[in-house]
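Hi,

Here is the structure I promised to pass on. Have a look at it first, and then read my notes underneath.

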Amino acid sequence: MKKNVFIIAVLCALLGLASCDNRQPDCKYHALTRDLTVMQVDWQWDASNKQFFYHFDLPEVTPYIYNYGNWTICREYNYGKANAYQVALPQTVYYTEQVDSTTIYYSQLIDYAIGVGYVEIVLTNSDYFYDANNPETMHFRLQLIY
């Protein structure tokens, strides 16, 4: 019995040594983060689609990354502060607005489109409720993994 246990222990040790590989695995991916800020005055109005947008030229989004990579875009609140946090897009925010003596309820959808060489942030209000002002300044974070 002791002999069998010893033989099994030696075989296990040999198998363990044979399976050891001291090579470090090659890194198979890269990560890249870009901060994107849309200032209030920079929002563009698309009258045909009734939405605001801002177009970022980003050469970092190559055909390879577009075809084989992965990305997320988040809106970052409290940018540059200790209590900053992110919300992934698309995001729907619910608002109320007082017009004369009537309370108007509407939602705001913030979404994006991405293509080779660019990212476009799109903001649409439900019921196409827009006042005369552009949306507020917003900060976004693009995270690419490829």
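Below is what I found when going through it.

One thing to keep in mind from the start: this is a predicted model.

Let's begin with the sheet. Five strands make an open sheet, and going across it you meet them in the order β2-β3-β8-β7-β6, with antiparallel pairing. The edges are β2 (44-46) and β6 (91-99), each of which pairs on one side only. If you ignore direction, neighbouring strands in this sheet are turned by 30 degrees against each other on average. For a closer look at one pairing, try β3 and β8: they run antiparallel and are joined by 6 bridges. Asp57, for instance, has Tyr118 in β8 as its bridge partner.

Next, the core. In soluble globular proteins, nonpolar side chains tend to be buried together. Here the largest nonpolar core has 20 residues, and those touching the most other members are Val119, Ile121, Phe140 and Leu142. Two or more residues come from each of β1 (31-38), β3 (51-57), β7 (102-115), β8 (118-125) and β9 (138-145). The biggest contributor is β9, with 4 residues. Leu142 is worth clicking on: leaving aside residues up to four places away in sequence, its contacts include Leu32, Leu36, Leu58, Trp71, Ile73, Ile114 and Val119. Polar residues turn up in that list too, among them Thr33, Arg34 and Thr72.

Then there are the aromatics. Searching the whole structure gives 6 aromatic pairs. In one of them, Tyr66 and Trp71 have ring centres 6.0 Å apart and planes at 15 degrees, so they count as stacked. Tyr66 itself is partly exposed, at 36% relative accessibility. Another stacked pair is Tyr77 with Tyr85, at 5.1 Å centre to centre and 15 degrees between the planes. Are its two rings buried or exposed? Tyr77 is buried, since its relative accessible area is 18%, while Tyr85 is partly exposed at 43%.

Finally, a residue you might skip over: Glu76. It sits in strand β4 (residues 70-77), and with a relative accessible area of 12% it counts as buried. What does Glu76 touch, not counting residues up to four places away in sequence? The answer is Ala84, Tyr85, Gln86, His139, Phe140 and Arg141. Two of those names have come up already: Tyr85 is the partner of Tyr77 in the stacked pair, and Phe140 belongs to the largest nonpolar core.

Cheers

Technical notes
Residues numbered from 1 in each chain as written. Predicted model: local features only at pLDDT ≥ 70, side-chain atom pairs only at ≥ 80, totals over all residues. Heavy atoms only, no water. Phe/Tyr/Trp six-rings, centres within 6.5 Å; stacked < 30°, edge-to-face > 60°. Buried < 20%, exposed > 50% of the residue type's maximum accessible area, 1.4 Å probe, protein only. Core = buried A, V, L, I, M, F, W, Y, C linked by side-chain atoms within 4.5 Å. Contact = heavy atoms within 4.5 Å. Pairing = 2+ DSSP bridges. Axes fitted to C-alpha atoms, helices over the stretch in contact; angles between N-to-C directions.
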